[in-house]
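Trainee: I would be grateful for a close look at a single part of this structure. Please describe its setting and then connect it to the rest of the chain.

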Amino acid sequence: MKFVLLGYMGSGKSTVAKALSNKLHLPCVDLDDYIEEKEQMTVNKIFQTQGEVYFRLQESKYLKEILEMDSELILSVGGGTPCYSNNMELINQYSRSIYLKGSIPTICQRLRNEKDQRPLIADLNDGQLTEFVAKHLFERRNYYEKADTIINVDGKSLEDLVSESTLSLKEYLK
Ligand code: S3P
């Protein structure tokens, strides 16, 4: 079985995926890292030099490649992954998915210090960031909410999130 963690930037997908991978003894793949390795370029650089459309095409291609691998794994995808092409259908076809749902204030607070590595928000000031996140979350909500399980991340520790995720996957774990 494959398990996919999805959600907005800053929702904690990569951190929860790594912790889950340790707990469940399953390999962990991060889609952004996978793309960077395959393309030999950072996501930031791909956006700058090739543009977002190229990034979305590659993202979709590599997502499919990973989902079609013949192995059990935990996959954390990018914040936009579920919202382009038929990615969300593929995710639900090949895996059990968990949406890590954060409120606008939680997401903004986390992103404020980590904007630089994220091409979509790198140039925004605090006010613009809140506006951007609010609008973006509204647009993306319908995709994220197609996940099999929704877990609210506000005010929760990593341990809480790992336990809740494990509980939601109980019937699929050996
Ligand atoms: C994006 C999120 C990023 C990365 C790219 C685009 C998005 O991943 O894929 O910068 O559209 O929300 P993280 O959510 O892991 O930061």
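**From a strand residue to the core and the ligand**

Mentor: Cys28 is partly exposed, because its relative accessible area is 31%, a value between the 20% below which a residue is buried and the 50% above which it is exposed. Please keep in mind that this is a predicted model. Cys28 belongs to strand β2, which covers residues 28–30. Apart from neighbours within four places in sequence, Cys28 is in contact with Ala17, Lys18, Ser21 and Ile74.

Just before this strand, the loop between α1 (13–24) and β2 holds His25. The phi angle of His25 is near 55°, a positive value in a residue other than glycine. His25 counts as exposed because its relative accessibility is 70%. A related case is Gln40, in the loop between α2 and α3. Gln40 is not a glycine either, yet it has a positive phi of about 55°. With a relative accessibility of 66%, Gln40 also counts as exposed.

We may now follow the chain from Cys28 to Val133. These two residues are 105 residues apart along the chain, and their C-alpha atoms are separated by 27 Å. Val133 brings us to the largest nonpolar core, which has 34 residues; Leu6, Tyr8, Leu31, Leu75, Leu111 and Val133 touch the most other members. Elements giving two or more residues to this core include β1 (2–6), α2 (31–39), β3 (73–76), α6 (104–112) and α7. The largest share, five residues, comes from α4. In soluble globular proteins, nonpolar side chains tend to be buried together. Leaving out residues up to four places away in sequence, Val133 touches Tyr8, Ile104, Ile107, Cys108 and Leu111. A second, separate core has 16 residues, among them Phe3, Leu5, Leu24 and Val162.

Two buried charged residues also deserve attention. The first to consider is Arg140, which is found in helix α7 (residues 126–144). Arg140 is buried and has no salt bridge; Glu52, the nearest side chain of opposite charge, is 5.5 Å away. A salt bridge would need a side-chain nitrogen of Lys or Arg within 4 Å of a carboxyl oxygen. Beyond its neighbours up to four places away in sequence, Arg140 touches Tyr8, Arg56, Gly79, Gly80, Cys83, Tyr84 and Leu120. Tyr8 is thus a contact of Arg140 and also of Val133.

The other residue is Lys115, in the loop between α6 and α7. Lys115 is likewise buried without a salt bridge, and the nearest side chain of opposite charge, Asp126, is 4.7 Å away. The side chain of Lys115 does reach the backbone oxygen of Leu124, at 2.6 Å. Neighbours within four places aside, Lys115 is in contact with Ile121, Ala122, Leu124, Asn125 and Leu129.

Arg140 leads finally to the ligand. Of the 13 residues around the ligand, Lys13, Asp32, Arg56, Gly79 and Arg140 come nearest. A side-chain N or O atom of Lys13 is 2.6 Å from an oxygen atom of the ligand. For Arg56, a polar side-chain atom lies 2.7 Å from a ligand oxygen. Gly79 takes part through its backbone, with a polar atom 2.9 Å from an oxygen atom of the ligand. Arg56 and Gly79 are among the residues that Arg140 touches.

Conventions:
Residues are numbered from 1 along each chain as its sequence is written. This is a predicted model: local features need pLDDT of at least 70, side-chain atom pairs count only at pLDDT 80 or more; totals for chains, interfaces and linings use all residues. Side-chain values use heavy atoms; hydrogens and water are left out. Helices (H or I, at least four residues) and strands (E, at least two) are DSSP runs, numbered from the N terminus. Buried means under 20% relative accessible area, exposed over 50%, partly exposed in between (1.4 Å probe, protein chains only). Lys and Arg count as positive and Asp and Glu as negative; His and the chain ends are not counted. Contact means heavy atoms within 4.5 Å. A nonpolar core is a set of buried Ala, Val, Leu, Ile, Met, Phe, Trp, Tyr and Cys residues joined through side-chain atoms within 4.5 Å. A residue is near a molecule or strand if one of its heavy atoms lies within 4 Å of it. A polar contact is a pair of N or O atoms within 3.5 Å; within protein, one must be able to donate a hydrogen and the other to accept it, and residues adjacent in sequence count only if both atoms are side-chain atoms.
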